[in-house]
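Welcome! Below are some short exercises, each followed by a worked solution. Have a look at the structure, then try each task before reading on.

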Amino acid sequence: GLVSMNQQDEICRLSMQMFANIYGQEVGNCCLKFMPLGGLYLAGGISPKNIELLRDPSGPFLQSMLSKGRVSGFLKSVPVYCVMIDDVGERGAMFVAHRSLLDLHCRVCPVKD
């Protein structure tokens, strides 16, 4: 958050450019590994706070993501979405815990009424 907002500081700006470059490279690698034809979803707190940097067509994120030589055409066809909720991981863990609790409750049978 604070680093991305501080565009006047050259070190902060360069750090975010480097982050976006490396993040884009890895997102491109993930797309090639998993072939998410329905789309790839970026989740966590960093992406929503830096959405403008990530969605810039000439920016380091998309340029690095799409720079994969002959397979760049495939990557251009994969939609990339940013989940704008910071706590999606916690929400997912809570959902799984709740389902597990319900499953456990369904397996319990009364011995005596």
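Two rings of Phe, Tyr or Trp (for Trp, the six-membered ring) form a pair if their centres lie within 6.5 Å; planes under 30 degrees apart count as stacked, over 60 as edge-to-face and the rest as tilted. By that rule, ring pairs join Phe 19, Tyr 23 and Phe 61 into a cluster.

Some notes before we start: this is a predicted model, in which local features need pLDDT of at least 70 and side-chain atom pairs count only at pLDDT 80 or more, while totals for chains, interfaces and linings use all residues. Residues are numbered from 1 along each chain as its sequence is written, and side-chain values use heavy atoms, with hydrogens and water left out.

**Exercise 1. List the elements of the protein chain in order, and find which has the lowest mean pLDDT and which the highest.**

Step 1. Helices (H or I, at least four residues) and strands (E, at least two) are DSSP runs, numbered from the N terminus. The protein chain has seven helices and two strands.

Step 2. Starting at the N terminus, the order is α-α-β-α-α-α-α-β-α.

Step 3. The predictor's confidence in each residue is its pLDDT, from 0 to 100. The chain has a mean of 88, and 86% of its residues reach 70 or more.

Step 4. Helix 1 (residues 2–5) has the lowest mean among the elements, 54, and helix 5 (residues 60–66) has the highest, 97. Where pLDDT is low, the predicted coordinates should not be read in detail.

**Exercise 2. Check the span of helix 2 and describe its two ends.**

Step 1. The expected span of a helix is 1.5 Å times one less than its number of residues. Helix 2 (residues 10–34) has 25 residues, so it should span 36 Å. Its end C-alpha atoms are 36 Å apart, in agreement.

Step 2. At the N-terminal end, Asp 9 acts as a cap: one of its side-chain oxygens lies 3.0 Å from the backbone nitrogen of Ile 11.

Step 3. After the helix comes Met 35, in the loop between helix 2 and strand 1. The phi of Met 35 is near 45°, a positive value in a residue other than glycine.

Step 4. Now for burial: buried means under 20% relative accessible area, exposed over 50%, and partly exposed in between (1.4 Å probe, protein chains only). Met 35 is exposed because its relative accessible area is 51%. Within helix 2, the buried residues are Cys 12, Met 16, Ala 20, Gly 24, Val 27, Gly 28 and Cys 31. An α-helix has 3.6 residues a turn, so residues three or four places apart point the same way.

**Exercise 3. Which parts of the chain does the pair of Tyr 41 and Tyr 81 tie together?**

Step 1. The structure holds three aromatic pairs. In the pair of Tyr 41 and Tyr 81, the rings are stacked, 4.9 Å centre to centre with 25° between the planes.

Step 2. Tyr 41 belongs to strand 1 (residues 40–42) and Tyr 81 to strand 2 (residues 80–82), so the pair ties together parts that are 40 residues apart in sequence.

Step 3. Tyr 41 is exposed, at 53% relative accessible area, whereas Tyr 81 is partly exposed, at 37%.

**Exercise 4. Is Ser 64 buried or exposed, and what does its side chain contact?**

Step 1. Ser 64 lies in helix 5. With a relative accessible area of 11%, Ser 64 is buried.

Step 2. A polar contact is a pair of N or O atoms within 3.5 Å; within protein, one must be able to donate a hydrogen and the other to accept it, and residues adjacent in sequence count only if both atoms are side-chain atoms. The side chain of Ser 64 makes such a contact with the side chain of Asn 21, at 2.3 Å. The Ser 64 side chain also reaches the backbone oxygen of Pro 60, at 2.9 Å.

**Exercise 5. How far apart in space are the C-alpha atoms of Asn 50 and Met 16, and those of Asp 86 and Gly 45?**

Step 1. Asn 50 sits in the loop between helix 3 (46–49) and helix 4, and is buried at 7% relative accessibility. The C-alpha atoms of Asn 50 and Met 16 are separated by 8.9 Å, with the two residues 34 apart along the chain.

Step 2. Asp 86 is in the loop between strand 2 and helix 7 (88–107), and is partly exposed at 43%. Asp 86 and Gly 45 are 41 residues apart in sequence, and their C-alpha atoms are 4.6 Å apart in space.
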